[in-house]
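Here are a few short exercises to work through with the model open beside you. Try each task before you read its solution.

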Amino acid sequence: NIKSTTIKAVVSTQSTGNSMISKVEEDLRKRYQSFVSRYEAEMNALRQQEQELLAGTEQIADILEKVEIEKTKIRETIELFKSKDGELREFLSQHEKQTEEDMVDKQIEPKTALFKQYLNLYAEESALDDAIYYLAEALRNDVINIQVFLRNVRTLARKKFMVRALMNKVREQTNKCEIK
């Protein structure tokens, strides 16, 4: 009986040991699989990040290339503007000497000699009118006396009469030219 109890005790200890070993093995397998799964998940995430980074690197390289192209275009445009600015400044310095009055005179310059003569006579008549007006103002303000005023007004009036007579002749001539 002691033998059978000892055998039973040894068998039961062996089976308990085997069952504990199998439990430990199973527990280690589960832990190992858990570790491997976590490791594989981390590796997959790292591979995904690597692919995204590589794609980002390509995008950054494309963007940098486009930026360089744009910088080149901007430099060329700046150079073009600088050259055009220089040409414009040169043009302005050459034409700055012309005054606005010269430009206006060229705009209203008559086409024929008769019209030019008529325009000059009209300007002279207006100047004589202005001179007579200012003489009258000077007399009214007691700057000149009546004798100086009368002498100058007579002289200016004679000139004005001659200018008007010449204007009438020029007008007749221009009418004859227009009828032909």
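**Exercise 1. Classify the two partners of a salt bridge in α1.** Decide whether Asp-27 is buried, partly exposed or exposed, and do the same for Arg-31.

Solution. Keep in mind that this is a predicted model.
- Step 1: Asp-27 has a relative accessible area of 35%. Buried means under 20% and exposed means over 50%, so Asp-27 is partly exposed.
- Step 2: Arg-31 reaches 55% relative accessibility, so this residue counts as exposed.
- Step 3: Their side chains form a salt bridge, at 3.7 Å from N to O.
- Step 4: Both residues belong to helix α1 (residues 2–95) and sit four residues apart, about one turn of the helix.

As background, side chains of opposite charge can pair when their charged atoms come close.

**Exercise 2. Find salt bridges with a spacing of three residues.** What spacing separates Glu-68 and Lys-71, and what separates Glu-137 and Arg-140?

Solution.
- Step 1: Glu-68 and Lys-71 are three residues apart in helix α1, about one turn. Their side chains meet in a salt bridge at 3.5 Å, N to O.
- Step 2: Glu-68 is partly exposed at 43%, and Lys-71 is partly exposed at 36%.
- Step 3: Glu-137 and Arg-140 are three residues apart in helix α3, so about one helical turn separates them. Their salt bridge spans 2.6 Å, N to O, and Arg-140 is exposed at 58%.
- Step 4: For context, the whole structure holds 10 salt bridges.

**Exercise 3. Trace the largest nonpolar core.** Which helices each supply at least two of its residues, and which gives the most?

Solution.
- Step 1: The largest nonpolar core has nine residues, among them Leu-121, Leu-128, Phe-149, Leu-156 and Val-163.
- Step 2: Helices α3 (113–140) and α4 (146–179) each supply at least two of them. Helix α4 gives the most, with six.
- Step 3: Take Leu-128 as an example: beyond four places in sequence, this residue touches Leu-156, Lys-159, Lys-160 and Val-163.
- Step 4: Lys-160, in helix α4, contacts Glu-125, Leu-128 and Asp-129 outside its sequence neighbours. Its side chain also makes a polar contact with the side chain of Asp-129, at 2.3 Å.

**Exercise 4. Summarise the fold.** How many helices and strands does the protein have, and what share of its residues is buried?

Solution.
- Step 1: There are four helices and zero strands, giving the pattern α-α-α-α along the sequence.
- Step 2: Of the 180 residues, 8% are buried.
- Step 3: The protein exposes about 16,100 Å², with carbon and sulfur atoms supplying 58% of that area.

How values were computed:
Residues numbered from 1 in each chain as written. Predicted model: local features only at pLDDT ≥ 70, side-chain atom pairs only at ≥ 80, totals over all residues. Heavy atoms only, no water. Core = buried A, V, L, I, M, F, W, Y, C linked by side-chain atoms within 4.5 Å. Buried < 20%, exposed > 50% of the residue type's maximum accessible area, 1.4 Å probe, protein only. Contact = heavy atoms within 4.5 Å. Polar contact = N/O pair within 3.5 Å; in protein donor to acceptor, adjacent residues only side chain to side chain. Areas by Shrake-Rupley, 256 points an atom, 1.4 Å probe, with all protein chains shown as cover. Salt bridge = Lys/Arg side-chain N within 4 Å of Asp/Glu carboxyl O.
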